[in-house]
Amino acid sequence: LSFDVDIIDNMMQDGDKMFTITIRLIPTCLPVNIMDDSTTVTIVDDEVARIQFNSTHFNGSELSGEVLVIIVVLGTTSTNDITATIDLVGTSAKASSDFISTPLTATIPAGATKTTV
């Protein structure tokens, strides 16, 4: 005997979930012994929040003294805050003389789709 149990995709990142399936005999089915009367099913969460910069290039001017960088969430939003460390590494611009290179922390609140750094 086999049967299907329909799984509902809730489109939320909420971690794996579990439920139990049990067997109960109908009294008219005697004499039958049940050896293992329950089993556990794990529903594996398939939604994964992905983050990325909303552009491959940002411009900042020395006059304004800053550049606005935006990080966005793609796909399913997270049910938890997403926190990432942003490292600033010089290429032609030099750390300390052209920009402040202190690592930054960006947090995207649960359910949000973007944050600014």
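**Exercise 1. Valine 89 and the loop around it**

Task: Determine where valine 89 lies in this predicted model and whether valine 89 is buried or exposed.

Solution.
Step 1. Valine 89 belongs to the loop that joins strand 5 and strand 6.
Step 2. The relative accessible area of valine 89 is 70%. The cut-off for an exposed residue is over 50%, so valine 89 is exposed.
Step 3. Isoleucine 100 stands 11 residues from valine 89 in sequence, and the C-alpha to C-alpha distance between them is 9.7 Å.

**Exercise 2. Two serines of the loop**

Task: For serine 96 and serine 101, state the location and the degree of exposure.

Solution.
Step 1. Serine 96 is placed in the loop between strand 5 and strand 6, and serine 101 is likewise found in the loop between strand 5 and strand 6.
Step 2. Serine 96 has 67% relative accessibility and counts as exposed. Serine 101, at 28%, counts as partly exposed, because this value falls between the limits of 20% and 50%.
Step 3. The backbone of serine 96 has a phi near 80 degrees, which is a positive value in a residue other than glycine.
Step 4. With residues up to four places away in sequence not counted, serine 101 touches Leu88 and Ala95. Glycine 90 is 11 residues from serine 101 in sequence, at 8.1 Å from C-alpha to C-alpha.

**Exercise 3. Serine 78**

Task: Establish whether serine 78 is buried or exposed, and which residues serine 78 is in contact with.

Solution.
Step 1. Serine 78 is located in the loop between strand 4 and strand 5.
Step 2. Its relative accessibility is 7%. Buried means under 20%, so serine 78 counts as buried.
Step 3. Apart from neighbours within four places in sequence, the contacts of serine 78 are Gln13, Ala49, Ala110 and Gly111.
Step 4. The side chain of serine 78 also reaches the backbone oxygen of asparagine 80, at 2.8 Å.

**Exercise 4. The largest nonpolar core**

Task: Identify the residues of the largest nonpolar core and the strands that each supply at least two of them.

Solution.
Step 1. The core has seven residues: Ala49, Ile71, Val73, Ile82, Ile86, Ala106 and Ile108.
Step 2. At least two residues of this core come from each of strand 4 (70-74), strand 5 (82-86) and strand 6 (104-108).
Step 3. Valine 73 touches Ala49, Ile82 and Ile108, among others; its contacts beyond four places in sequence also include Arg50, Ile51, Ala112 and Thr113.

**Exercise 5. A nonpolar surface patch**

Task: Name the residues that form a nonpolar patch on the surface and describe the setting of phenylalanine 3.

Solution.
Step 1. The patch consists of Leu1, Phe3, Val5 and Ile7, which together have about 500 Å² of accessible area.
Step 2. Phenylalanine 3 sits in the segment before strand 1 (17-22).
Step 3. Phenylalanine 3 is exposed, because its relative accessible area is 55% and the cut-off is over 50%.

Terms used
Residues numbered from 1 in each chain as written. Heavy atoms only, no water. Core = buried A, V, L, I, M, F, W, Y, C linked by side-chain atoms within 4.5 Å. Buried < 20%, exposed > 50% of the residue type's maximum accessible area, 1.4 Å probe, protein only. Helix = DSSP H or I, 4+ residues; strand = E, 2+ residues; numbered from the N terminus. Contact = heavy atoms within 4.5 Å. Patch = residues over 30% accessible without salt bridge, like charges linked within 9 Å, V, L, I, M, F, W, Y side chains within 5 Å. Areas by Shrake-Rupley, 256 points an atom, 1.4 Å probe, with all protein chains shown as cover. Salt bridge = Lys/Arg side-chain N within 4 Å of Asp/Glu carboxyl O. Polar contact = N/O pair within 3.5 Å; in protein donor to acceptor, adjacent residues only side chain to side chain.
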